[in-house]
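Good morning, and thank you for the time at this meeting. I should like to walk through one protein model, starting from a single pair of residues and working outward.

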Amino acid sequence: MAKYTKYLIFLIMLLKTTIAMAEPSSDMCGGYGRVSAGVNRTQAKCFEERLMGASINYTELFVFDFPITIQSGLDFSYTASHFIQRVDGTNVECANRLFTTSIPFNVGYTIGDLSVYMYPYVGLNFSFNNLAKKYENGKESINYIVDKGAKRFQPELNVGYDLNIMSFGVGYRFSMDLNDFITSENSIKWNHRIEIFHIFNGD
């Protein structure tokens with residue numbers, strides 16, 4: 001229980017920091033801005049352990065024909081894992097680190113009124129893997145992009161569900177690569193995210 005409390009406290013602090021840095025959304029087609037902070041879990045065949053981390057995200061949501069909205073923005077995600085690996089009879093402290101920048105394009109449907117509503121959505125992420133490395137005893141041992149041919153650019157399927165109460169909410173998002181992260185290893189990345197968010201009215 002203490003482990004999840006720690007993550008929750010970190011998530012709230014990250015959201016408060018992100019909101020403080022964000023500016024209210026501009027008035028565009030009846031749209032509004034959404035800023036969020038999340039806790040991520042990333043998995044892939046090429047990584048020995050699950051990667052845990054955090055993300056911040058800002059999106060503009062455009063209401064062209066209520067209850068249908070289109071959203072796009074910018075997302076930053078960092079995940080890492082730390083584990084012990086046996087190498088030549090010796091215990092080695094290892095870590096995998098992944099930093100990704102994404103531009104999401106999603107279509108969502110609002111269920112409910114504007115004070116309390118559910119918001120399922122589906123779309124694509126266009127992701128750029130800025131960093132994908134393994135470290136052993138604090139030193140870089142594998143650069144997955146250079147050494148194993150991992151892709152820097154990847155399209156991802158993006159599916160999520162939000163619960164909004166006034167200007168705040170909580171959501172779950174699942175994303176999965178549409179092609180192999182590392183082709184030679186048939187390695188697909190997928191990510192689970194729980195996030196909390198705040199909405200800026202564009203009016």
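**Strands, a cavity and two unusual residues**

Let us begin with one pair: M176 stands opposite W190, a residue of β10. Please bear in mind throughout that this is a predicted model. The pair belongs to a wider arrangement, in which β9 and β10 run antiparallel and are joined by nine bridges.

On strand β10 there is also a second partner to consider. β1 and β10 run antiparallel as well, and 12 bridges join them. Within that pairing, G33 has F200 of β10 as its bridge partner.

Let me stay with F200 for a moment. Is F200 buried or exposed? Its relative accessibility is 12%, so F200 counts as buried, the cut-off being under 20%. In sequence, F200 and F168 are 32 residues apart, and in space their C-alpha atoms are 9.5 Å apart.

Now I shall step back to the chain as a whole. The protein chain contains two helices and 10 strands. Their order along the sequence is α-β-β-β-β-β-β-β-α-β-β-β. The chain has 203 residues, and 45% of them count as buried. If we take contacts between residues at least 6 apart in sequence, 62% of these join residues at least 24 apart.

How confident is the prediction? The average pLDDT of the protein chain is 84, and 83% of the residues score at least 70. One stretch calls for caution: over residues 18–29 the pLDDT is below 50. Beyond near neighbours in sequence, that stretch nevertheless has 25 contacts in the model.

I turn next to strand β6, and to its pairings. Which strand does β6 pair with over 15 bridges? The partner is β4, and the two pair in the antiparallel sense. An example from this pairing is S102, whose bridge partner in β6 is S127.

β6 also runs antiparallel to β8, and 13 bridges join the two strands. Here P120 has Y161 in β8 as its bridge partner.

There is a pairing with strand β5, residues 111–112, too: two bridges join β5 to β6, and these strands run antiparallel. I111 has M118 as its bridge partner in β6. Three residues make the connection in the hairpin that joins β5 to β6.

Finally for this strand, β6 and β7 pair in the antiparallel sense over four bridges. Y135 has its bridge partner, E140, in β7. These two strands form a hairpin with two residues between them.

That hairpin brings us to the backbone angles. Most residues other than glycine have a negative phi. What is the phi of N137? N137 is not a glycine, yet its phi is positive, at about 50°. This residue sits in the loop between β6 and β7, the latter being residues 139–143. N137 has a relative accessibility of 52%, and therefore counts as exposed, the cut-off being over 50%.

A second case is M166, again a residue other than glycine, with a positive phi near 60°. M166 lies in the loop between β8, residues 153–165, and β9. Its relative accessibility is 56%, so M166 too counts as exposed.

A brief word on helix α2, which spans residues 144–147 and contains D147. Which residues does D147 touch, leaving aside its neighbours within four places in sequence? D147 is in contact with S141 and I142. D147 and K133 are 14 residues apart in sequence, and 9.6 Å separates them in space, C-alpha to C-alpha.

My last topic is empty space inside the model. How many cavities of 30 Å³ or more does a search of the whole structure find? The search finds one. The volume of the largest cavity is about 190 Å³. It is lined by 20 residues, and those closest to its centre are S77, T100, E156, S175 and N191.

Several strands that I have already mentioned return here. β1, β4, β6, β9 and β10 are among the strands that each supply at least two residues of this lining. β3, residues 68–87, is another of them. By class, the lining has 10 polar, six charged and four nonpolar residues.

That concludes my presentation, and I thank you for your attention.

Technical notes. Residues are numbered from 1 along each chain as its sequence is written. This is a predicted model: local features need pLDDT of at least 70, side-chain atom pairs count only at pLDDT 80 or more; totals for chains, interfaces and linings use all residues. Side-chain values use heavy atoms; hydrogens and water are left out. pLDDT is the predictor's confidence in each residue, from 0 to 100. Contact means heavy atoms within 4.5 Å. On a 1 Å grid over the protein atoms alone, a cavity is a set of points where a 1.4 Å probe fits but cannot get out, and a pocket is an open set with protein on both sides within 12 Å along at least five of seven lines; lining residues have an atom within 4 Å of a point. Grid points are joined across faces, edges and corners, and a volume is the space filled by probe spheres set on the points. Ala, Val, Leu, Ile, Met, Phe, Trp, Tyr, Cys and Pro count as nonpolar, Asp, Glu, Lys and Arg as charged, and the others, Gly among them, as polar. Two strands pair if DSSP finds at least two bridges between them. Buried means under 20% relative accessible area, exposed over 50%, partly exposed in between (1.4 Å probe, protein chains only).
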